Amino acid sequence: MTRRNVWVAGLAMPVIIAMLLLAGSTSVTANDQPSAAHAGVKIDNFSFGPQTLTVPVGATVVWTNSDDIPHTAVSTEGLFKSKVMDTDEKFSYTFSKAGTYPYYCTIHPKMTGKVVVQ
Amino acid sequence: MPDKKQDLIDQQLQDLNNDGVDRRGFLKCMAWAGTGLVWTMSGGIPVSRAFAKNSGKDASKDASKGADFSFVQISDSHIGFNKPANPDVTATLQTAINKINAMPHKSDFIIHTGDLSQLSKPSEFDTLDQALKGASAKQIYFVPGEHDMLSDNGEQYLERYGKGTKGSGWYSFDHKGVHFVGLVNVANLKAGGMGSLGHEQLEWFEADLKGRSASTPIVLFAHIPLWTIYPDWGWGTDDSEQALSYVKRFGSVTVLNGHIHQVMQKIEGKVSFHTAMSTAFPQPEPGKAPSAGPMKVPADQLQRVLGITDVNYLVSGRSLAVVDSPLGDSGSSASGNEAAVVDPT
């Protein structure tokens with residue numbers, strides 16, 4: 001979206017640039033809702049990224065394993081438990097209550113992360 | 001020689017007796033050759049004598065000369081893994097088995113130190129079983145790796161490989177005067193921790209050793225190293241110190257581990273620690289990569305970083321000689337990185 005805006009802006013007149021910038025900022029706000037409700041954690045190099053993820057109540061978090069080695073994402077307090085995710089496999093969980101939810105990979109327990117739900 | 005590893009090795013060597021062996025030079029030589037190391041133990045004292053990178057094909061023959069028995073350790077087969085680091089792990093396991101079968105001496109048994117499979121799938125275990133059927137040694141002892149207990153608390157592993165074992169698969173047995181203990185440190189791992197044996201297993205282990213003569217040679221084997229190699233990558237076992245306190249009174253203790261897909265050793269008093277190469281893919285040296293993930297090496301180099309470990313036991317000296325051999329050591333490279341041994345004194 002941003003990239004396309006920039007490309008169009010490069011061909012357009014300053015007035016149009018100003019208009020696009022305005023349009024751009026509204027569209028970012030509009031896009032903010034779905035992206036907050038579907039946050040992602042990337043598993044890469046034996047770590048969860050971001051290690052601490054903050055999301056609004058009701059958000060669905062999707063973990064994706066980008067390593068060549070299987071991983072899990074399992075709540076330390078037993079709230080959620082992924083199946084074993086092989087390369088490129090995903091796991092998602094929807095957080096319905098505010099709180100801080102630590103989790104780890106049960107295969108490689110040095111890998112830890114947390115989801116903060118506000 | 002990477003500084004960090006050298007520091008680690010230096011640290012590990014500081015409490016060794018001066019027995020005329022330049023261990024530091026010996027280990028440097030080991031690292032330079034890329035694989036293979038040798039040590040023996042006599043009456044609980046490590047007496048490494050030699051390491052020759054150009055020792056030729058008679059190395060393992062020499063090691064076994066006069067040995068009362070020999071066994072082979074293989075590790076980390078990861079059957080089912082098919083990523084670029086090794087698209088055909090079944091083939092390299094087969095090469096390892098061929099190498100065992102071609103040894104000039106007969107191995108009494110094989111110890112597999114875990115990560116038999118990549119994803120604990122029945123088909124992966126089937127493939128492993130099929131390949132191991134071709135091994136000349138018919139008795140195979142297993143301990144599980146974390147990959148073998150992925151989704152079912154290890155039920156399938158226990159059903160196939162852990163009949164008659166305790167808890168998550170630990171057990172002991174005696175062979176020609178040596179007491180072997182297979183330990184499991186990959187079950188019920190805690191967030192933020194490393195490998196773990198757990199209270200129940202530790203209790204069993206202490207009781208298992210009770211009443212045994214201090215002159216009984218002890219061999220411990222488990223998947224994750226029972227010594228702390230690199231905590232950041234979880235390369236260690238949180239409660240290994242307690243386990244090792246139980247073997248302090250014994251004159252000769254050998255600890256065989258896998259998990260880190262490379263050879264490392266440490267000698268601490270009467271306890272010798274040793275990790276084996278994988279038969280599937282290499283992993284980076286501690287701290288030398290962003291993570292411990294599979295390391296891709298050029299295809300023609302792969303068999304130089306995979307291998308097997310041959311252990312020879314001599315009753316007379318109560319000594320064990322450990323020889324690591326890469327899979328591809330038959331004229332594939334000019335450096336001829338085969339390990340050599342050592343007659344214990």
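Two residues are taken to be in contact if their C-beta atoms, placed from the backbone, lie within 7 Å. By this criterion, the contact between the two chains of this predicted model takes 18 residues from chain A and 19 residues from chain B. On the side of chain B that touches chain A, 10 residues are nonpolar, 6 are polar and 3 are charged.

## Confidence

The model has an ipTM of 0.77 and a pTM of 0.78. For chain A the average pLDDT is 80, and 69% of the residues score at least 70. Residues 1–35 of chain A stay under a pLDDT of 50, and the model gives this stretch 7 contacts beyond four places in sequence. For chain B the mean pLDDT is 79, with 74% of residues reaching 70 or more. Two stretches of chain B deserve separate mention. Over residues 1–61 of chain B the pLDDT stays under 50, and the model has 119 contacts beyond four places in sequence for them. Residues 330–345 of chain B also have a pLDDT below 50, with 56 contacts in the model beyond near neighbours in sequence.

## Sheets of chain A

Strands of a sheet pair through backbone hydrogen bonds, in either a parallel or an antiparallel sense. In chain A, 4 strands make up an open sheet of mixed pairing, in the order S3-S8-S7-S5. Strands S3 (52–55) and S5 (74–75) of chain A each have a single partner strand and stand at the edges, so one side of each has no neighbour in the sheet. Between them in the order, S7 (residues 99–104) and S8 (residues 112–117) of chain A are antiparallel and share 6 bridges. One of the residue pairs places Tyr104(A) opposite its bridge partner Thr112(A) in S8(A).

Strand S4 (residues 60–65) of chain A pairs with S1(A) and with S6(A). The pairings discussed here are set out below.

| Strand pair | Sense | Bridges | Bridge partners |
|---|---|---|---|
| S7(A) and S8(A) | antiparallel | 6 bridges | Tyr104(A) and Thr112(A) |
| S1(A) and S4(A) | parallel | 6 bridges | Val41(A) and Trp63(A) |
| S4(A) and S6(A) | antiparallel | 5 bridges | Val61(A) and Tyr93(A) |

In a regular strand, side chains alternate between the two faces of the sheet. In S4(A), the covered face holds Val61(A), Trp63(A) and Asn65(A), while Thr60(A), Val62(A) and Thr64(A) lie on the uncovered one. Two residues of the covered face also appear as bridge partners: Trp63(A) with Val41(A), and Val61(A) with Tyr93(A).

## Helix H5 and the core of chain B

Chain B contains 8 helices and 14 strands, and 51% of its 345 residues are buried. Of the contacts in chain B between residues at least 6 apart in sequence, 71% join residues at least 24 apart.

Helix H5 (residues 122–132) of chain B has the buried residues Glu124(B), Phe125(B), Leu128(B) and Leu132(B). These cover an arc of only 100 degrees around the axis and therefore lie on the same side of H5(B). Pro122(B), Ser123(B) and Gln130(B) are exposed on the face turned away from the buried side. The buried residues of H5(B) pack against helix H4 (89–101), strand S6 (140–142) and helix H6 (155–161) of chain B.

The largest nonpolar core has 92 residues, among which Leu183(B), Leu220(B) and Ala222(B) touch the most other members. Beyond four places in sequence, the contacts of Leu183(B) include Leu220(B) and Ala222(B) themselves, as well as Val143(B), Trp170(B) and Phe205(B).

Leu226(B) lies in the loop between strand S9 (218–222) and helix H8 (240–245) of chain B. Leu226(B) is buried because 25 other C-beta atoms lie within 10 Å, the cut-off being 20 or more. Among the residues that Leu226(B) touches are Leu220(B), Leu244(B), Val255(B) and Phe273(B). Leu244(B) is 18 residues from Leu226(B) along the chain, and their C-alpha atoms are separated by 8.4 Å.

## Backbone features in loops

A cis peptide bond, with omega about -5 degrees, joins Gly49(A) and Pro50(A). Pro50(A) is placed in the loop between strand S2 (47–49) and S3 of chain A.

Two residues other than glycine have positive phi values: Asn45(A), near 50 degrees, and Lys176(B), about 45 degrees. Asn45(A) sits in the loop between S1 and S2 of chain A and counts as partly exposed, with 14 C-beta neighbours inside 10 Å. Lys176(B) belongs to the loop between strand S7 (171–175) and strand S8 (178–182) of chain B and is exposed, with 10 other C-beta atoms within 10 Å.

Terms used. Residues numbered from 1 in each chain as written. Chains lettered and ligands numbered in written order. Nonpolar A, V, L, I, M, F, W, Y, C, P; charged D, E, K, R; others polar. pLDDT = per-residue confidence, 0-100. Pairing = 2+ DSSP bridges. Buried ≥ 20, exposed ≤ 12 C-beta atoms within 10 Å, placed from the backbone. Arc of directions from axis to C-beta. Core = buried A, V, L, I, M, F, W, Y, C linked by C-beta atoms within 7 Å.
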